[in-house]
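Visitor: I would like to learn how to read a structure, one feature at a time. Please give the general idea first and then the case.

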Amino acid sequence: MRYLLFPIFILSCFLTHAQEDRIHCAKRTAFTHSQLKSPNLNLQQIAKSKLYDVHFYALDLTMDNLSTEIDGTVKIHGKVKENLDTVILELYSGLNISDVRIDGTSSVFVHDVSLLKIPVNLNTGDQFVIAIDYAGTPPFTSQVQFGGSGMSNATSAGGHKVTWSLSEPFSAYEWFPCKQDLRDKADSVSVKITVPNTCKAGSNGLLENVVDLGDGTSRYEWFHRHPIAYYLISVAVAEYYEYNIFANPVGSVNPVLIQNYIYDNPSSFPSYLGEIDLTVDMMELFAELFGPYPFDDEKYGHCLAPLGGGMEHQTMTTQGNFNKGLTAHELGHQWWGNNVTCASWSDIWVNEGFASYAAYLMLENLFPTEAATEMEDIHTDVMAIPYGSIWVTDSLSEYSIFNGRLTYDKGAAFVHTLRFIMNDDSLFFLALRNFQDEFKDSVAVGLDIKNHLEAVSSIDFDDAFDQWYFGEGYPKYSLRWNSIGEDLYFNISHWNLGDTPTFTNPLEIKFERLNLPDTTIRVDIVGNNDYVVIPDFGATGTTAEIDPNNWIINEVGTVLYDPNYTSVQKQESTVKLNVFPNPTSDQFNIIMDDHTDKSVQVLTSHGKVVFETKFNAKTSVNLDSVDAGYYIVKITSTDGRQWVKTIVVN
């Protein structure tokens with residue numbers, strides 16, 4: 001970023017454009033679910049499923065490219081955390097189970113709707129292997145433009161029949177028995193797919209063997225030796241042609257294979273070639289920015305399928321095309337979403353906001369003339385509606401989780417703003433690399449990223465997250481200024497188009513100067529009216545521009561050179577809010593200098609309300625019955641204003 005920073009004195013300061021061309025259409029947005037983790041389990045069943053950990057999935061499936069019909073065996077290796085009498089799994093009711101074996105011995109089981117209950121008698125620390133033989137046809141949805149259902153089959157524009165999986169967020173159970181829990185990553189996965197000899201089958205990890213079975217079919221044997229979330233396990237079957245290239249990202253000892261399964265059509269291959277080859281430059285760029293490619297001992301790759309965007313299956317993305325923005329987004333997910341996965345669907349920003357920003361960074365570094373327009377388009381989309389937060393309040397709704405305007409575009413714009421607030425790219429990307437390193441192979445929430453930004457800088461990001469991540473809306477700025485002699489006086493004011501009353505991020509203002517180049521200054525916004533004087537600035541012209549480099553989502557109101565503006569006025573008071581103590585072990589207090597009627601809700605990171613009450617200027621909140629962790633405090637006044645704070649219970 002290029003600008004001149006002058007001493008700034010703040011006086012009396014108190015406290016959807018075409019988303020199918022973007023990315024989010026690749027994720028399913030068809031249904032709404034009603035439970036915390038899965039549509040198939042109640043709270044008691046969810047609690048019981050947490051009594052064991054999954055360590056390994058071994059899928060051995062027979063499929064083809066003509067239908068979604070599936071036949072196979074899945075083995076699940078687990079370890080008991082607490083004494084266990086029932087293993088809880090999920091499997092679509094339309095898939096018929098012929099046998100269940102525990103450590104090789106056939107067992108009784110209950111397959112009730114899509115809930116699979118297997119009685120056991122296991123003690124803490126015991127390990128077990130459950131094998132499930134099943135067959136049938138997964139549920140069908142016609143919404144292929146949104147990625148299809150857990151397993152889909154369709155014909156490409158070129159006439160290629162393809163069968164592929166897409167499990168995010170709740171649909172892995174539609175094609176294999178599993179435990180749908182973001183926090184329980186399997187240590188590794190084996191995927192064996194038997195298909196007609198005319199087809200190839202793509203999946204996670206390394207292709208260790210292709211066995212010709214002598215009956216017109218071949219078995220593709222893939223093995224992925226890294227922790228993986230249930231929804232990132234994948235299969236894709238078609239008459240594919242294999243095209244391989246290699247990248248040399250920083251931090252990798254050996255070149256990284258980029259293995260591409262594209263339609264076996266010689267006439268269309270040249271049209272893909274240049275776009276696929278860009279993946280090399282993207283991977284090498286992201287390794288510099290985010291840290292080493294997480295799966296460099298295996299591969300990265302693509303399987304083509306007739307869907308409207310892409311799905312970031314670990315080490316082998318399923319994509320509908322090779323548009324460079326799409327390819328960059330899905331590659332970015334290998335760090336943001338796969339290496340580190342959101343700990344709850346409310347914090348899907350950890351996945352989608354950063355993957356979307358990765359696509360912007362690709363343009364900034366590889367196609368710099370396109371970057372400014374991209375960020376302008378992102379901001380325009382966000383401002384189409386002034387409401388909604390990046391943090392997903394309804395984490396059971398796929399419409400909310402994969403909201404293109406909020407999760408993707410506002411999520412990416414917020415990362416851009418955080419980078420601006422940091423004001424030091426070396427520190428900003430160091431924080432991202434540190435975050436990737438600490439949470440490697442694990443899960444995280446948005447506030448974990450905040451902590452890493454603060455750890456490498458002296459900046460407090462509380463307000464940024466309260467206003468931009470948990471809060472709603474965006475500011476509309478107005479500017480009035482005059483130069484008197486060599487001194488510059490100006491008033492920058494804003495109001496919110498939404499519910500968050502005040503945005504306290506820094507802001508750039510570009511002033512025309514007489515006989516000198518135009519100058520951009522950076523001012524710290526601390527209230528809704530900031531009055532600023534800059535001595536010895538020099539004479540200005542009559543034009544100015546707010547946020548000329550588009551770091552902040554905002555609208556512009558009045559920009560006025562006022563020759564009668566000659567003095568610094570008193571700052572308007574803003575509402576003071578104090579939430580203390582923070583952290584707390586059980587109870588905290590809320591005090592405000594605003595006496596309108598208000599309500600307060602305290603929510604978990606999953607969006608569950610654990611406390612709510614009404615108050616006027618002060619109240620106390622007792623959280624002695626909740627678990628330790630992050631909680632969101634949302635205060636709403638009767639006139640629609642809203643304040644959001646985070647609190648830590650320890």
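Guide: What follows goes through a sheet, two helices, the cysteines and some backbone features.

Guide: This is a predicted model, in which local features need pLDDT of at least 70 and side-chain atom pairs count only at pLDDT 80 or more, while totals for chains, interfaces and linings use all residues. Residues are numbered from 1 along each chain as its sequence is written, and side-chain values use heavy atoms, with hydrogens and water left out.

Visitor: What is the strand order in the open sheet of three strands?

Guide: Helices (H or I, at least four residues) and strands (E, at least two) are DSSP runs, numbered from the N terminus. Two strands pair if DSSP finds at least two bridges between them. Here the order is 27-26-29, and the pairing is antiparallel. Strand 27 (519-524) and strand 29 (540-546) are the edges, each pairing on one side only. From one strand to the next, the twist averages 30 degrees.

Visitor: How many bridges join strand 26 to strand 29?

Guide: Four bridges join strand 26 (residues 506-513) to strand 29. Ile 509 stands opposite Ile 546 in strand 29.

Visitor: Which helix lies across strand 26 and strand 27?

Guide: Axes are lines fitted to C-alpha atoms, for helices over the stretch in contact (heavy atoms within 4.5 Å). Angles run from 0 to 180 degrees between N-to-C directions. Helix 7 (residues 404-422) lies across both strands, at about 70 degrees to strand 26.

Visitor: Is Thr 417 buried or exposed?

Guide: Buried means under 20% relative accessible area, exposed over 50%, and partly exposed in between (1.4 Å probe, protein chains only). Thr 417, which lies in helix 7, has a relative accessible area of 1% and is therefore buried. Leaving aside neighbours within four places in sequence, Thr 417 is in contact with Trp 551 and Ile 552.

Visitor: How is the length of helix 4 read?

Guide: The expected span of a helix is 1.5 Å times one less than its number of residues. Helix 4 (residues 349-366) has 18 residues and reaches 24 Å from its first C-alpha to its last, close to the 26 Å expected. Helix 4 is also mostly covered, with 15 of its 18 residues buried.

Visitor: Why is Cys 178 not bonded to Cys 342?

Guide: A disulfide is a pair of cysteine sulfur atoms within 2.5 Å. The sulfur of Cys 178 has its closest cysteine sulfur in Cys 342, 16 Å away, so the two are too far apart for a bond. Cys 342 is in no disulfide, and the count comes to zero disulfides. Cys 178 is buried at 0% relative accessible area, and Cys 342 counts as buried at 0% too.

Visitor: Where are the cis peptide bonds before Pro 169 and Pro 581?

Guide: Omega is the angle to read. One cis bond joins Glu 168 and Pro 169, with omega about 0 degrees; Pro 169 is in the loop between strand 11 (161-165) and strand 12 (188-196). Another joins Phe 580 and Pro 581, with omega about -10 degrees; Pro 581 is in the loop between strand 31 (577-580) and strand 32 (587-592).

Visitor: What is the phi of Asp 103, and what is that of Thr 315?

Guide: Asp 103 is not a glycine, yet its phi is positive, about 50 degrees. Asp 103 lies in the loop between strand 5 (95-102) and strand 6 (105-106) and is partly exposed at 48%. Thr 315, also not a glycine, has a positive phi of about 75 degrees. Thr 315 lies in the loop between strand 20 (310-311) and strand 21 (317-319), and at 0% relative accessibility it counts as buried.
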